[in-house]
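Visitor: I'm new to this one, so could you walk me through it in plain words?
Guide: Sure, have a look first and then ask away.

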Amino acid sequence: MKKGDLILIGIVLILSLFGIGMYYLFLSGQEVEGARVIIEQEGEKWGSVPLFEEDRSEEIVFNGPVGETVVLLGEDYVTVKHSDCPDQICVNFGRATRPGQSITCLPNRVFVRIEGGEQPDVDF
């Protein structure tokens, strides 16, 4: 590997880290206006609530074929706090915070997704 190759790799690495840093700095924590959390179980809509609600900490318990699934609505996120399903994929997903993200507990047939909203304009 030549010296020029190392310089090129270094520049690409620095630009990549800069892009990731800018994303987290400007986009990750911003509120998306109009975003809603849609929760369904077995194809029936439980409800649609705003993604952002100050001081909210609400747990919703769904009973399914393999036990309970507990969905937690936080101030600016939704997550599956607990599930009796064997794989725990829904629990390990973590927090959904942006439109387009979804959490699914297939064994208990609980579907949570975030829809709508507009991304804020960010000039780079």
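Visitor: Which residues have the most contacts inside the largest nonpolar core?
Guide: Keep in mind that this is a predicted model. Its largest nonpolar core holds 20 residues. The ones with the most contacts inside that core are V37, I39, V71, V78, V112 and I114.

Visitor: Which strand gives the largest share of this core?
Guide: Several strands chip in here: β1 (36-41), β3, β4 (67-73), β5, β6 (102-105) and β7 (110-115) each supply at least two residues of the core. The largest share is 3 residues, and the strand they come from is β7.

Visitor: What is I39 in contact with, leaving aside its neighbours within four places in sequence?
Guide: I39 is one of the core residues with the most contacts inside the core. Its partners from farther along the chain include V71 and V112, which are also on that list of core residues. The full set is E44, K45, W46, G47, I60, F62, V71, F111 and V112.

Visitor: How many salt bridges are there?
Guide: Side chains of opposite charge can pair when their charged atoms come close. The cut-off used here is 4 Å between a side-chain nitrogen of Lys or Arg and a carboxyl oxygen of Asp or Glu. By that rule, the count is 4.

Visitor: How far apart in sequence are the parts that K81 and E59 tie together?
Guide: The side chains of K81 and E59 meet in a salt bridge, with N and O 2.4 Å apart. K81 sits in strand β5 (residues 78-83) and E59 in strand β3 (residues 58-64), so the pair ties together parts separated in sequence by 22 residues.

Visitor: Is R56 buried or exposed?
Guide: R56 has a salt bridge with E53, where the closest N and O atoms are 3.7 Å apart. E53 is partly exposed, at 38% relative accessible area. For R56 the figure is 7%, and since buried means under 20%, R56 counts as buried.

Visitor: Which residues are linked with R113 in a network of salt bridges?
Guide: One link is the salt bridge between R113 and E115, whose closest N and O atoms are 2.5 Å apart. R113 is partly exposed at 27% relative accessibility, and E115 is partly exposed too, at 36%. In the network, R113 is joined with E115 and E40.

Visitor: What is the area of the nonpolar surface patch made by L13, L17, I20 and Y24?
Guide: L13, one of its members, is found in helix α1 (residues 3-26). Together with L17, I20 and Y24, L13 makes a nonpolar surface patch of about 450 Å².

Methods:
Residues numbered from 1 in each chain as written. Predicted model: local features only at pLDDT ≥ 70, side-chain atom pairs only at ≥ 80, totals over all residues. Heavy atoms only, no water. Buried < 20%, exposed > 50% of the residue type's maximum accessible area, 1.4 Å probe, protein only. Helix = DSSP H or I, 4+ residues; strand = E, 2+ residues; numbered from the N terminus. Patch = residues over 30% accessible without salt bridge, like charges linked within 9 Å, V, L, I, M, F, W, Y side chains within 5 Å. Areas by Shrake-Rupley, 256 points an atom, 1.4 Å probe, with all protein chains shown as cover. Core = buried A, V, L, I, M, F, W, Y, C linked by side-chain atoms within 4.5 Å. Contact = heavy atoms within 4.5 Å.
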